[in-house]
Structure formats: C-alpha cells, structure tokens
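Dear colleague,

I am passing on the structure we spoke about, and I would be glad if you could look through it with the notes below at hand.

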Amino acid sequence: AALEPYTVGDLKVYSGRFAADRKTLTERAEAIKSSGGVAAFVSVSDTVSVLLASGDPRVDCRKILPEVLKEFGGRGGGKTDFAQGGIEDVDKADRLLESLKDAVSRAIKLN
C-alpha cells in the first residue's frame with residue numbers, strides 16, 4: 001500500500017498504524033529517512049511498537065520519542081535519526097500516534 005505523506009512546512013512526514021512486523025517497518029522508515037523525510041510508525045500486536053526515523057536535523061528522534069512515550073507509560077530510545085520504543089496498552093495506540101505527530105510538527109515549527 002502506498003503511504004501518503006503530509007507536509008509540515010517543507011518537510012514530508014509519513015505516519016500510520018500498522019500490523020506489519022518491525023523489520024518491514026524499519027526498512028520503510030530507513031527509506032523515508034534517506035529521502036530526507038520523517039517516519040512516525042506505530043505497530044500493534046499484543047503490545048504497541050513505536051518507530052520514529054528522521055532525515056531532517058530539526059526532528060531529533062532521541063529527544064522526541066522518549067518524551068512522547070513517557071506520557072503513555074512507555075519507554076524508548078535510539079539515535080537522533082532513528083529511535084524506537086513501545087507501550088503495553090494497545091488501546092492507546094491511536095492517541096500515541098497523534099501525540100507523536102504533534103511532537104514532530106512542534107519540533108519542525110520551532111526550528
């Protein structure tokens with residue numbers, strides 16, 4: 001399925017909730033990062049996996065992801081251009097994704 005980005009300023013952000021495995025999502029996120037975009041993915045199975053990748057220095061994954069996850073009782077980490085983590089409560093997956101998108105938008109607008 002084609003993933004349509006939305007733009008914040010001049011930056012393409014790809015986001016969505018998937019049932020895909022982490023390897024598939026990681027590959028897609030890496031491709032988006034390489035093209036200079038941002039990927040904010042949530043994958044739902046028995047828990048929620050979250051993945052944030054950024055090809056733009058304004059979006060610091062290592063800063064944004066843990067901040068968002070903390071609101072939902074989760075944790076995560078990684079590098080400035082790629083971070084992942086998760087939460088236990090699958091009912092919060094959609095709210096988490098919205099919160100992540102908001103945080104990305106704020107980061108772009110602030111810089």
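What follows goes from the sheet to the helices and then to a single residue.

Please keep in mind throughout that this is a predicted model.

The sheet is open and has 6 strands in the order β1-β2-β3-β4-β6-β5, with mixed pairing. Its edges are formed by β1 (6-8) and β5 (75-79), each of which has a single partner strand, so one side of each is left without a neighbour in the sheet. Averaged over neighbouring strands, and with direction ignored, the turn of one strand against the next is 20°. Within the sheet, strand β4 (residues 48-54) and strand β6 (residues 82-87) run antiparallel and are joined by 6 bridges, and Leu52 stands opposite Ala83 in β6.

Two helices lie across this sheet. Helix α1 (residues 22-34) lies across β2 (11-18), β3 (38-44), β4 and β6, and runs at about 170° to β3. Helix α3, for its part, lies across β1, β2, β3, β4 and β6, and its direction is at about 170° to β2.

α3 also packs with another helix: the axes of α2 (residues 61-71) and α3 (residues 93-110) come within 10 Å and cross at roughly 145°, and the crossing in which α2 passes α3 is right-handed. From α2, the residues that take part are Ile64, Leu65, Val68, Leu69 and Glu71, which meet Leu96, Ser99, Leu100, Ala103, Val104 and Ala107 in α3. Sorted by character, the residues of this contact comprise 9 nonpolar, 1 polar and 1 charged.

As for α3 itself, its 18 residues should span 26 Å at 1.5 Å a residue, and since its end C-alpha atoms are 26 Å apart, the expected and modelled spans agree. The buried residues of α3 are Ala93, Leu96, Leu97, Ser99, Leu100, Lys101, Ala103, Val104, Ser105, Ala107 and Ile108, and the elements that cover them include β1, β2, β3, β4, α2 and β6.

One residue of this helix deserves a separate word. Ser99 is found in α3 and has a relative accessible area of 12%, which is under the 20% cut-off, so Ser99 counts as buried. Leaving aside neighbours within four places in sequence, Ser99 is in contact with Val68, Glu71 and Phe72; of these, Val68 and Glu71 are among the α2 residues that meet α3.

With best regards

Definitions and conventions
Residues numbered from 1 in each chain as written. Predicted model: local features only at pLDDT ≥ 70, side-chain atom pairs only at ≥ 80, totals over all residues. Heavy atoms only, no water. Axes fitted to C-alpha atoms, helices over the stretch in contact; angles between N-to-C directions. Helix = DSSP H or I, 4+ residues; strand = E, 2+ residues; numbered from the N terminus. Left-handed = near helix turned anticlockwise from the far one by under 90°. Contact = heavy atoms within 4.5 Å. Nonpolar A, V, L, I, M, F, W, Y, C, P; charged D, E, K, R; others polar. Pairing = 2+ DSSP bridges. Buried < 20%, exposed > 50% of the residue type's maximum accessible area, 1.4 Å probe, protein only. Expected span 1.5 Å × (residues − 1).
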